[in-house]
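Here is a short tour of a protein model for anyone who likes to look under the hood. Have the viewer open and follow along.

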Amino acid sequence: MKEQIESIKDLSQYKMLVRMLDTETYTVRIDELKNGKLRYACWKRSATISSKPDIVIEGGVYNHDTMEYTFKNGEYSYIVGLGNLVVKKGNKILLEQSRR
């Protein structure tokens, strides 16, 4: 995965924390990087955020109308709203969880 960050140390390199979301099974963190890009990092709830994330994606977009962040990884989309996480494969919803 081209966008995958190899080192946990790389996660400490960011301009500001944009959003944190805890759902029933995941912890999601969205950062704005120093280059202005957005970064999505996600851990299973059983892990700590100081551990290596399960997935990291750079280059998300923010939709001002819906107030959602969308990150794409191949045919998968990770959408983080104010209080929910949605994971899609194409148009099919694979996961939809609300803030815990």
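The report below covers confidence, one sheet and one arginine.

## Model and confidence

This is a predicted model, in which local features need pLDDT of at least 70 and side-chain atom pairs count only at pLDDT 80 or more, while totals for chains, interfaces and linings use all residues. Residues are numbered from 1 along each chain as its sequence is written, and side-chain values use heavy atoms, with hydrogens and water left out.

The average pLDDT (the predictor's confidence in each residue, from 0 to 100) is 89 for the chain, and 91% of the residues score at least 70. Take care with residues 1-9: pLDDT stays under 50 there, and the model has 19 contacts (heavy atoms within 4.5 Å) for them beyond four places in sequence.

## The open sheet

An open sheet is built from 5 strands (DSSP runs of E, at least two residues, numbered from the N terminus). Their order is β5-β6-β7-β8-β9, with antiparallel pairing; strands pair if DSSP finds at least two bridges between them. At the edges sit β5 (61-63) and β9 (92-98), each pairing on one side only. On average, neighbouring strands of this sheet are turned by 20 degrees against each other, direction ignored (axes are lines fitted to C-alpha atoms).

Within the sheet, β7 (residues 76-80) and β8 (residues 84-89) pair in the antiparallel sense over 5 bridges. V80 has L85 in β8 as its bridge partner.

## A buried arginine

R39 belongs to strand β3 (residues 38-44). Its relative accessible area is 1%, so R39 counts as buried (under 20% relative accessible area, with a 1.4 Å probe and protein chains only). A polar atom of the R39 side chain lies 3.4 Å from the backbone oxygen of Q13.

Technical notes
Helix = DSSP H or I, 4+ residues; strand = E, 2+ residues; numbered from the N terminus. Axes fitted to C-alpha atoms, helices over the stretch in contact; angles between N-to-C directions. Buried < 20%, exposed > 50% of the residue type's maximum accessible area, 1.4 Å probe, protein only. Polar contact = N/O pair within 3.5 Å; in protein donor to acceptor, adjacent residues only side chain to side chain.
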